[in-house]
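Please examine the sequence and the three-dimensional structure shown below before reading on. The report that follows is intended to be read beside them.

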Amino acid sequence: MKILVLGSGAGGGYPQWNCNCELCGGLRRGSTHATPRTQSSIAVSADGERWLLLNASPDLGHQIRSNPPLHPRHGLRDSPIRAVMLLDAQIDHVTGLLSLREGPPIELYCTPSVFEELTTGLPILPTLEHYCGVHWHMLPIAGEQTAAEFRIDALPGLSFRALAIPGKAPPYSPRRNDPSVGDNIALLIEDTASGQRVFYAPGLASVGEPEMMWMQQADCVLVDGTFWTEDEMIEAGLGTKSASDMGHLPQVGRPGRPGMIPVLDRLNARRKLLIHVNNSNPILDERSDQRRMLAQHGIEVAHDGLEIDL
Ligand code: MLT
Ligand code: MN
Ligand code: ZN
């Protein structure tokens, strides 16, 4: 299985357009050792020919342009992107759908909850009916059903398991503070020939037993790297929300609430990577103590353009 990291940043990307914090300003001035990041999305493929997009970032146009495996190859109009799967309905994960409007109907995989957000609060799907149209394939995660196993016809060689995970509905949702099953999912994708598996969860509010069980089955995990600490936005004067207010588990925990690092320490995966890194996170600075600490734990920070061969 091939995995292409199209974007490794959180909402706003890095540097964020209006941010002059030390990390964003430092990158612009050339004084911070870091690399720019677009908003998070990955593409996966069993054969390198047919690709599945996991989330559609507002930076999708740029991401496709900078990744040759996603360029058109056959005939006048063509794309190796065969389907799009959404893991939640957050703006940074869905608005790239609008950039696919010049193509054929989008083969879209998402839960009923995400479908509902995108037909009401943020009506991207009805809007797209006036352009390319959308074929919705329902991921049956709702109510009592917290996991599902499925295949995608257009992507032979891959099998999928989706799992409802703790998180928030998007800020625009009437259900923001009343989360329901299907608002946020994680995926375990398997290459059916090699048996290799990747676990993908760019937004993960906490790791309980089910999440742990699924992560333990993966050879590679790519998980929520949004924040280093719970109050990092508040302490930097960049915002009023904590990591848990936003549905993200920080890398470093607090008393009684361990962070992502000890979770990753418990896994045998060959590769452990953080993705969806917010512009406030000190791990962006390649020379930071925090980055060194991750390296000591065998944890990598995904970057735009990273290719993983599993
Ligand atoms: C998040 O990951 O919490 C959201 O992307 C925040 C946002 O949309 O600004
Ligand atoms: Mn986000
Ligand atoms: Zn910043």
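The following paragraphs describe the surroundings of the ligand, then the backbone, and finally some distances along the chain.

**The ligand and its surroundings**

The structure is a predicted model. Which residues are found around ligand 1? They are Gln90, Asp92, Met246, His248 and His276. Sorted by class, this shell consists of one nonpolar, three polar and one charged residues. As for its location, ligand 1 sits in the second largest pocket.

Several side chains place a polar atom at a short listed distance from an oxygen atom of the ligand. The table gives these distances.

| Side chain | Partner | Distance |
|---|---|---|
| Aspartate 92, N or O atom | Ligand 1, oxygen atom | 2.9 Å |
| Histidine 248, polar atom | Ligand 1, oxygen atom | 2.9 Å |
| Histidine 276, polar atom | Ligand 1, oxygen atom | 3.2 Å |

Ligand 1 taken alone exposes 270 Å², and the protein buries 75% of that area.

**Histidine 276**

Histidine 276 belongs to the shell around ligand 1 and deserves a separate description. Where in the chain is histidine 276 placed? It lies in the loop that runs between strand 12 (271-275) and helix 9 (289-296). Is histidine 276 buried or exposed? Its relative accessible area is 4%, and because this value is under 20%, histidine 276 counts as buried.

The side chain of histidine 276 also takes part in contacts within the protein. One polar contact, of 3.2 Å, joins it to the side chain of aspartate 92. Another, of 2.8 Å, joins it to the side chain of threonine 226. Aspartate 92 is itself among the residues around ligand 1.

**Backbone geometry**

Most residues other than glycine have a negative phi, and most peptide bonds are trans. Against this background, some positions merit attention. Histidine 276 is not a glycine, yet its phi is positive, at about 60°. Asparagine 55 likewise has a positive phi, near 75°, and is a residue other than glycine. Asparagine 55 is found in the loop between strand 3 (51-54) and helix 2 (60-65). With a relative accessible area of 0%, which is under 20%, asparagine 55 is therefore classed as buried.

A further point concerns a peptide bond. The bond from tyrosine 14 to proline 15 is cis, with omega near -5°. Proline 15 is placed in the loop between strand 1 (2-7) and helix 1 (22-29).

**Accessibility and distances along the chain**

Two further residues may be described by their accessibility and by a distance to another residue. Valine 181 lies in the loop between strand 8 (158-164) and strand 9 (185-191). Its relative accessible area is 29%, so valine 181 is partly exposed, a class that lies between the limits of 20% and 50%. How many residues apart in sequence are valine 181 and leucine 128? They are 53 residues apart in sequence, and their C-alpha atoms are 26 Å apart in space.

Glutamate 235 is in helix 7, which comprises residues 232-235. Because its relative accessibility of 67% is over 50%, glutamate 235 counts as exposed. Glutamate 235 and threonine 95 are 140 residues apart along the chain, and 30 Å separates their C-alpha atoms.

Notes
Residues are numbered from 1 along each chain as its sequence is written. Chains are lettered from A and ligands numbered from 1 in the order in which they are written. This is a predicted model: local features need pLDDT of at least 70, side-chain atom pairs count only at pLDDT 80 or more; totals for chains, interfaces and linings use all residues. Side-chain values use heavy atoms; hydrogens and water are left out. A residue is near a molecule or strand if one of its heavy atoms lies within 4 Å of it. A polar contact is a pair of N or O atoms within 3.5 Å; within protein, one must be able to donate a hydrogen and the other to accept it, and residues adjacent in sequence count only if both atoms are side-chain atoms. Accessible areas come from the Shrake-Rupley method with a 1.4 Å probe; for residues, only the protein chains shown count as cover. On a 1 Å grid over the protein atoms alone, a cavity is a set of points where a 1.4 Å probe fits but cannot get out, and a pocket is an open set with protein on both sides within 12 Å along at least five of seven lines; lining residues have an atom within 4 Å of a point. A molecule sits in a cavity or pocket if more than half of its atoms lie within 2 Å of its grid points. Ala, Val, Leu, Ile, Met, Phe, Trp, Tyr, Cys and Pro count as nonpolar, Asp, Glu, Lys and Arg as charged, and the others, Gly among them, as polar. Helices (H or I, at least four residues) and strands (E, at least two) are DSSP runs, numbered from the N terminus. Buried means under 20% relative accessible area, exposed over 50%, partly exposed in between (1.4 Å probe, protein chains only).
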